[in-house]
Amino acid sequence: MGEYTTQVVVGVGGRAGVSVAEVCALVEETLRGAGLAVEAVKSLATVESKADEPGLTGAAERFGVPLVSYPAARLAAVAVPHPSEAVRTATGTPSVAEAAALAGGGELLVPKRRSMAATCAVATAHAHDLRHHGDAEVIDAGSALVDLAVNVRAQTPPDWLKQRIAASLGDLAAYPDGRPARAAVAARHGLPVERVLLTAGAAEAFVLIARALGAVRPVVVHPQFTEPEAALRDAGHRVERVVLRAADGFRLDPAAVPEEADLVVVGNPTNPTSVLHPAGTLAALARPGRILVVDEAFMDAVPGEREALAGRMDLPGLVVLRSLTKTWGLAGLRIGYVLAEPEVIAKLAAAQPLWPVSTPALVAAEACMAPAALAEAEDAARRIAVDRAHLLAGLAEFDEVTVVGVAEGPFVLIRVAGGAEVRTRLRALGFAVRRGDTFPGLDHSWLRLAVRDRATTGRLLQALDHALALVGR
């Protein structure tokens, strides 16, 4: 099975007489800097007035891809991050490279790069549906499907937690008081309460970060949960991506993140790759003047929470997000929290509406911080590790299936030929799995499977065997 790389369009421009060698060298250097292979290039794109420039046509020929051209008026209508009046005067569009890269409807991966006589920019060949989430796979199916698309732990919430939440309903006439829950979260992580903010799930935290922290050059490390980028875009930010490669096991090299980035978002363990980045690797991204957002929504599903940054106070600009919806089965209650420097917490809190977290959610948060609850979560994490090993062993029996990287979360990312059809076949056989193509850096050949108990996994593996046989016909 060949290595997958994100298909991209490279927008190119150049002065009259620019050489093929210079264009190719600039494109190759830009792709390398973004962790992309030359094989990822679907086409080069430029403005019509440059369509016959030998340096550009020769570069397209050397890369073995078409050179697509657009009228200047069409490119002028494309919003670009780095417009130039000089370029507009010369070509009729404020940026040939960026506008041509984006004209096909994709999303910018690398903004304009220059050499002496050439420019280029890189965009995805198509836009990803950043608002698609696992619940869409099962939302209209009721109990007809075994849910392997959503990463909420099965058989949750536990009875004791349901009882605590139910007991809080008698207090609904009063406005929520978040102080006990906030203090409990602070004590759980050994932090002062000024470093804690309670939120309506991690999703609200991403919106607050996008709106309140004034980022100028935000960077999101992909493949990962898409809501952070969606929130940034909705807030008007131009988002750059660092796309990790399957060939590298989806591991992060801190050097891949632009030095100028003042907001960096990364998941740990990362959804959907299930890769757990070393704490030292993520800590290397922290520096004065930068907000480093580490989404630890699944960290409590890792035995011992090794590699966690929650509770660290020595890293400038560190913002850690935690969710209680996954381990405790509280997706419908919406409860999570942010750990950060007091100044950052104050800015985020100022952007929240009054009483953003309900009384039942606050009661749940306080209850889940108790020592007995933490011990239960640790036991669950250890069971998940055993169940994940069983799933991985079963997947290894299929020649058609590849697991990339070392899975450490409560889900596994697989690549399988004909993945879209396999997913459809599995659905017909009673199993809902998460499509991977909505995550930047992945395509239809990727599927995410939630880790379940051995019996459920056994039935899944039988269904997968059947699905693969049907697809192979």
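The chain contains 15 helices and 17 strands, where helices (H or I, at least four residues) and strands (E, at least two) are DSSP runs numbered from the N terminus. The model is predicted, so local features are given at pLDDT of at least 70 and side-chain atom pairs at pLDDT 80 or more, while totals for chains, interfaces and linings use all residues. Residues are numbered from 1 along each chain as its sequence is written, and side-chain values use heavy atoms, without hydrogens and water.

The radius of gyration, taken over C-alpha atoms, is 24 Å. This agrees with the value near 23 Å for a compact globule of 473 residues, the rule being 2.2 Å times the number of residues to the power 0.38. Along the principal axes, the C-alpha atoms fill a box of roughly 75 × 60 × 40 Å. Of the 473 residues, 57% are buried (under 20% relative accessible area; exposed is over 50%, partly exposed in between; 1.4 Å probe, protein chains only).

Two domain annotations come from an unreviewed UniProt entry, and such annotations may be inferred rather than shown by experiment. "CobE/GbiG C-terminal" is placed at residues 8-123, a span with 37% helix and 27% strand whose end C-alpha atoms are 6 Å apart. "Aminotransferase class I/classII large" covers residues 146-464; here the content is 35% helix and 18% strand, with the end C-alpha atoms 13 Å apart.

Strand 4 (residues 108-114) is largely enclosed by the rest of the structure, because five of its seven residues are buried. A hairpin of three residues joins strand 4 to strand 5. The two strands pair in the antiparallel sense over four bridges (pairing requires at least two DSSP bridges). Arg-114 stands opposite Thr-119 in strand 5.

The count of salt bridges is 16 (a side-chain nitrogen of Lys or Arg within 4 Å of a carboxyl oxygen of Asp or Glu). Arg-217 forms a salt bridge with Glu-240, with the closest N and O atoms 2.4 Å apart. Glu-240 lies in strand 9 and Arg-217 in the loop between helix 8 and strand 8, so the pair ties together parts 23 residues apart in sequence. Both residues are buried. Arg-217 also forms a salt bridge with Glu-260, at 3.0 Å. Glu-260 is exposed, with a relative accessible area of 53%. Within helix 13, Glu-378 and Arg-382 lie four residues apart, about one turn of the helix, and their side chains meet in a salt bridge at 2.8 Å. Arg-188, Glu-296, Glu-305 and Arg-322 are linked in a salt-bridge network.
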